[in-house]
Amino acid sequence: MMYDVAIIGGGPAGYTAAERAAAGGLSVVLFEKNALGGVCLNEGCVPTKTLLYAAKVFDTVKQASKYAVKADNPSVDLGKIIARKTKVVKKLGAGIKMRLAGHGVACVSGAAEIRERKPDGTVAIACGDELYEAKNLIVATGSEASIPPIPGLAETGYWTSREALLSKELPESLIVIGGGVIGMEFASFFNSLGVDVQVVEMTDEILGGMDKELSALLREEYTKKGIRFYLGYKVVSVNGTEVTVEKDGEQTVLVAEKILLSVGRRPVTKGFGLETLQLTPFRNGVAVNGFMQTSVPNVYACGDITAFSLLAHTAESEAKVAVNHILGERGKEMSYAAIPAVVYTNPEIAGVGKTEEQLQEAGIPYRVKKIPMSFSGRFVAENEMGAGVCKLLFTDDDRIVGAHLLGNPASELIVIAGMAIEKQMTAGELKTFVFPHPTVGEIIKEALYS
């Protein structure tokens, strides 16, 4: 069976590439060993946001009196929240399957294995008892949770995000190992539902890679909500419900009913014959050029396996670039200048472009425009006593190079700044746009005039 394009992995990169390639007239086969949608749809982005929205609704109901609304004794049913999450995932998964079928993509359920690359460049792939051949290969195998070699961890019934998304009972207490995006989102969810939460983070601040000032403000918000943070602490051992942490040579024992491990993810590079192609590595993934080509020209890599930006929207963009190149459109290369990053806590935090820390490290002069989110009338109306910050970063030539927001709905607003950064707009050019009033998005305009 010969195809123009074979794709290994049915996550955001894989299904986007399959749909775009088929729409462009190419014959496409897509291999997925688990469920279409990948980690993002089935145990990552979508299910966690479904849970977090339920928690946000519960937070809103608990604070209803601030808005002159009476709502006595609100409660949650975790089993029903999980059931709704499953329904959402199934609905979206069915939508992906329908779109791929509509474009004529051959979806093969099973573990694919790269067998060889023939002298003419054709790649042979086995799946089950069948052998497939393709003129081009896109590797989009995604990532998996990193499991550090912590003594005693393997003997403990710890959670990763996968298990946390399946639990239908709330623990009384929870220790989250890792204060990154995944860790903080789960800490937020369980804290909202009344669980006693402790977060252990090895570095000196949560959300490494995000704006440090805003990350600290978010941590302060959650400290007020009852989460206890242990910054700069290393986990040295786990024993049942006890986690021993160490800082400056001093050890402390933390105790909780459940332990959630969220110390990051790593690209999946083994188990499907990738070594057959002898691709050039990059970090713990695969090296690519601006068109997502690996060191083998007709083999492309997209998504987490590139070990560059482990985000679903990055994966989708990389897939589009790769397919355009296969179709012969030698246009724009992949740009990482304005990839938004969002943490769906309550309040949300989002950033795009450079942080102050990155600009300082690179020795690039910059100036800051920063105002409270309360400068937006809509924000004040919808976030009684809510805190938030809008920070914009500009270079000496007045071009916007970074934007960072703390406050709801930061996830929906950050794309405005992202477009300005991608187009290398100046503050003056951004000022010419008319923002509707009243909107929280006006905060970006207000910051320009601060």
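**Entry 1: Ser376**

I started with Ser376, which is buried, with a relative accessible area of 2%. That puts Ser376 under the 20% cut-off I use for buried residues. A note to self before going on: this is a predicted model. I then looked up where Ser376 sits, and found it in the loop between β21 (367-372) and α10. Which residues does Ser376 contact, leaving aside its neighbours within four places in sequence? I listed Thr439, Val440 and Ile443.

**Entry 2: helix α6**

Next I turned to α6 (181-192). I counted 12 residues in α6, and its span from first C-alpha to last came out at 17 Å. That is close to the 16 Å expected at 1.5 Å a residue. Is α6 largely enclosed or open? Of its 12 residues, 10 are buried, so α6 is largely enclosed by the rest of the structure. I wrote down the buried ones: Gly183, Met184, Glu185, Phe186, Ala187, Ser188, Phe189, Phe190, Asn191 and Ser192. I also checked what comes after the helix, and there I met Gly194, whose phi is positive, near 95°.

**Entry 3: the nonpolar cores**

From α6 I moved on to the largest nonpolar core, which has 35 residues. Which of its members touch the most others? My list reads Phe189, Phe190, Val197, Leu207, Phe229 and Ile349. I then asked which elements build this core, and found at least two residues each from α3 (45-62), α4 (78-102), β8 (173-177), α6, β9 (196-201), α7 (212-224) and β10 (228-231). The largest share, five residues, comes from α6.

I took a closer look at Phe189, not counting residues up to four places away in sequence. Phe189 touches Leu51, Leu52, Ala55 and Leu78. There is also a second, separate core of 31 residues, and I noted Ile7, Tyr15, Ala21 and Leu36 among its members.

**Entry 4: the second largest pocket**

Last, I went looking for open space. The second largest pocket holds about 590 Å³. I found 25 residues lining this pocket, and the closest to its centre are Gln63, Tyr67, Asn346, Asn383 and Asn408. Which elements each supply at least two residues of the lining? I got α3, α7 and α10 (377-382). Sorting the lining by class gave me eight nonpolar, eight polar and nine charged residues.

Looking back over my pages, I see α3 and α7 in the core entry, and both turn up again in the pocket lining.

Conventions:
Residues numbered from 1 in each chain as written. Predicted model: local features only at pLDDT ≥ 70, side-chain atom pairs only at ≥ 80, totals over all residues. Heavy atoms only, no water. Core = buried A, V, L, I, M, F, W, Y, C linked by side-chain atoms within 4.5 Å. Buried < 20%, exposed > 50% of the residue type's maximum accessible area, 1.4 Å probe, protein only. Helix = DSSP H or I, 4+ residues; strand = E, 2+ residues; numbered from the N terminus. Contact = heavy atoms within 4.5 Å. 1 Å grid on protein atoms, 1.4 Å probe; cavity = no way out; pocket = protein on both sides within 12 Å on 5 of 7 lines; lining within 4 Å. Points joined across faces, edges and corners; volume = space filled by probe spheres on them. Nonpolar A, V, L, I, M, F, W, Y, C, P; charged D, E, K, R; others polar. Expected span 1.5 Å × (residues − 1).
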